Amino acid sequence: MNHSEIAKTLRSRRESLNLRQEDLAEMSGVATKTIHSVEAGSSNPSLETLLRLADILGLEIVVQVKKIN
């Protein structure tokens with residue numbers, strides 16, 4: 001999943017829960033500015049930030065490790 005897909009998924013889920021970016025910021029402890037940047041696809045959030053947002057939004061992050069031969 002690339003930045004654009006992550007951004008779309010987070011924004012779509014937040015909107016489906018009728019949350020504003022400010023609400024999500026307050027609930028997750030992530031700055032509103034950071035949430036805006038993540039949803040715009042213009043930042044490279046840490047895994048911790050993504051986990052905080054996903055937790056509040058009821059999403060799960062799955063990491064796959066690809067084996068290179």
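Which residue forms a salt bridge with Glu-48? The partner is Arg-52, and the closest N and O atoms of the two lie 3.4 Å apart. Keep in mind as you follow along that this is a predicted model. Both residues belong to helix α4, where they stand 4 residues apart, so about one helical turn separates them. In general terms, side chains of opposite charge can pair when their charged atoms come close. Let's look at how open this pair is. Glu-48 has a relative accessibility of 52% and counts as exposed, because the cut-off for that class is over 50%. Arg-52, at 35% relative accessibility, counts as partly exposed.

From here we can turn to the other charged pairs. A search of the whole structure gives 5 salt bridges, and two more of them deserve a visit. One joins Arg-11 to Glu-39, with 3.8 Å between the closest N and O atoms. This contact ties together distant parts of the chain, since Arg-11 sits in helix α1 and Glu-39 in helix α3 (residues 32–40), 28 residues apart. The two ends differ in how they are classed: Arg-11 is partly exposed at a relative accessible area of 30%, whereas Glu-39 is buried, with 3% relative accessibility.

Glu-39 also meets the side chain of Arg-14 in a salt bridge, at 2.6 Å from N to O. Again the link runs between distant parts of the chain, from Arg-14 in helix α1 to Glu-39 in helix α3, with the partners 25 residues apart. In this pair, Arg-14 and Glu-39 are both buried. Through shared partners, the salt bridges bring Arg-11, Arg-14 and Glu-39 into one network.

While you have helix α3 in view, find Thr-34, which also has its place there. Thr-34 is partly exposed, with a relative accessible area of 31%. If you then step across to Thr-49, the C-alpha to C-alpha distance is 8.9 Å, for two residues that are 15 apart in sequence.

Now for the empty space, starting with the pocket. Which residues line the largest pocket? They are Met-1, Ile-6, Thr-9, Leu-10, Leu-50, Ala-54, Leu-59, Glu-60, Ile-61, Val-62 and Val-63. The pocket has a volume of about 350 Å³. Two helices, α1 (3–16) and α4 (47–57), each supply at least two residues of its lining, and α1 gives the most, with 3 residues. If you are thinking about the chemistry of the walls, the lining divides into 9 nonpolar residues, 1 polar and 1 charged. Thr-9 and Glu-60 are both in that lining; Glu-60 is the charged one, because Glu counts as charged, and Thr-9 falls among the polar residues.

What about enclosed space? The whole structure holds 1 cavity of 30 Å³ or more. The largest cavity contains about 40 Å³ of space. Its lining is made up of His-3, Ile-6, Ala-7, Val-38, Gly-41, Ser-43 and Pro-45. Helix α1 gives the most here too, with 3 residues. By class, this lining has 4 nonpolar and 3 polar residues, and no charged ones.

One residue makes a good place to end the walk. Ile-6 appears in the lining of the largest pocket and also in the lining of the largest cavity. Helix α1, meanwhile, has come up at several stops: Arg-11 and Arg-14 are both in α1, and α1 gives the most to the lining of the pocket and of the cavity.

How values were computed. Residues numbered from 1 in each chain as written. Predicted model: local features only at pLDDT ≥ 70, side-chain atom pairs only at ≥ 80, totals over all residues. Heavy atoms only, no water. 1 Å grid on protein atoms, 1.4 Å probe; cavity = no way out; pocket = protein on both sides within 12 Å on 5 of 7 lines; lining within 4 Å. Points joined across faces, edges and corners; volume = space filled by probe spheres on them. Salt bridge = Lys/Arg side-chain N within 4 Å of Asp/Glu carboxyl O. Buried < 20%, exposed > 50% of the residue type's maximum accessible area, 1.4 Å probe, protein only.
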